[in-house]
Structures are given as structure tokens and as C-alpha cells.
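Biologist: I have a new model open and would like to learn how to read it. Could we go through it together, one question at a time?

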Amino acid sequence: MLHKYYRKAAIRGASVHTLRHTFCTQHAAAGTNLVVIQRAAGHASLTTTQRYLHLVDQMMEDQLEKNAL
């Protein structure tokens, strides 16, 4: 069903995993408690959820570089 809506929105290359990944990354960036993200995502290990913190750090670095230009 999700693919149907991706097509309607002309979103290409996205999957259920993409949506889940975006959810976790955005919540980590917003400062949501990692245990809350872990449970919402269904991760068995908090270590899996902690990987999103690296992405948030990269997003922040990219934004700082963009603002410096």
C-alpha cells in the first residue's frame, strides 16, 4: 500500500525502510529519547538505534558548512 502512495506522490527509490529510517533520524535530531525511538522502531538493541546519532551529527555538520557559505 505504501508503494501506491509513493507513486501518487512521484517519490522514486523510497521504501518502507526509507520511511522508517527517516522517522528515526528526524526523532534523533529533535532530541527524542533513544529508548523511545528504539521502541517505536522495534529495534531489539539500543546499539542499533544509536547509529542514528552519527547521522544527526553529520546533518548538523552539513548545516554548519552550508550556513558558513
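Biologist: At the start of helix 3, which residue has its backbone nitrogen reached by a side-chain oxygen of Asn 33?

Modeller: Happy to help! First, this is a predicted model, where local features need pLDDT of at least 70 and side-chain atom pairs count only at pLDDT 80 or more, while totals for chains, interfaces and linings use all residues. Residues are numbered from 1 along each chain as its sequence is written, and side-chain values use heavy atoms, leaving out hydrogens and water. At the start of helix 3, the side-chain oxygen of Asn 33 comes to within 2.7 Å of the backbone nitrogen of Val 35.

Biologist: What pattern does the protein chain follow along the sequence?

Modeller: Helices (H or I, at least four residues) and strands (E, at least two) are DSSP runs, numbered from the N terminus. The protein chain has four helices and zero strands. Read along the sequence, that gives the pattern α-α-α-α.

Biologist: What is the radius of gyration of the protein chain?

Modeller: This value is taken over C-alpha atoms, and the globule rule is 2.2 Å times the number of residues to the power 0.38. For 69 residues the rule gives 11 Å, and the chain is well over that, so it is more spread out than a compact globule. The radius of gyration of the protein chain is 14 Å.

Biologist: Which residues of helix 3 are buried?

Modeller: Buried means under 20% relative accessible area and exposed means over 50%, with partly exposed in between (1.4 Å probe, protein chains only). On the other side of helix 3, Arg 39 and Ala 40 are exposed. The buried residues of helix 3 are Leu 34, Ile 37, Gln 38 and Ala 41.

Biologist: Why do the buried residues of helix 3 line one face of the helix?

Modeller: Look down the axis of the helix and follow the directions from the axis to the C-beta atoms, which define the arc. The buried residues of helix 3 line one face because they fall within an arc of 100°.

Biologist: Which helices do the buried residues of helix 2 pack against?

Modeller: In helix 2 (residues 16-29), the buried residues are Cys 24, Thr 25 and Ala 28. They cover an arc of only 95° around the axis, which puts them on the same side of helix 2. Packing is judged by contact, meaning heavy atoms within 4.5 Å. The partners are helix 3 (34-41) and helix 4 (46-68).

Biologist: Which helix supplies the largest share of the largest nonpolar core?

Modeller: A nonpolar core is a set of buried Ala, Val, Leu, Ile, Met, Phe, Trp, Tyr and Cys residues joined through side-chain atoms within 4.5 Å. The largest one has seven residues: Cys 24, Ala 28, Leu 34, Ile 37, Ala 41, Tyr 52 and Val 56. Helix 2, helix 3 and helix 4 each supply at least two residues of this core. The largest share, three residues, comes from helix 3.

Biologist: Is Thr 49 buried or exposed?

Modeller: Thr 49 has its place in helix 4. Leaving aside neighbours within four places in sequence, Thr 49 is in contact with Leu 34, Ile 37, Gln 38 and His 43. At 0% relative accessibility, Thr 49 counts as buried.

Biologist: And Ala 10, is that residue buried or exposed?

Modeller: Ala 10 sits in the loop between helix 1 (2-8) and helix 2. Its phi is near 60°, a positive value in a residue other than glycine. With a relative accessible area of 63%, Ala 10 is exposed.

Key:
The expected span of a helix is 1.5 Å times one less than its number of residues. A polar contact is a pair of N or O atoms within 3.5 Å; within protein, one must be able to donate a hydrogen and the other to accept it, and residues adjacent in sequence count only if both atoms are side-chain atoms.
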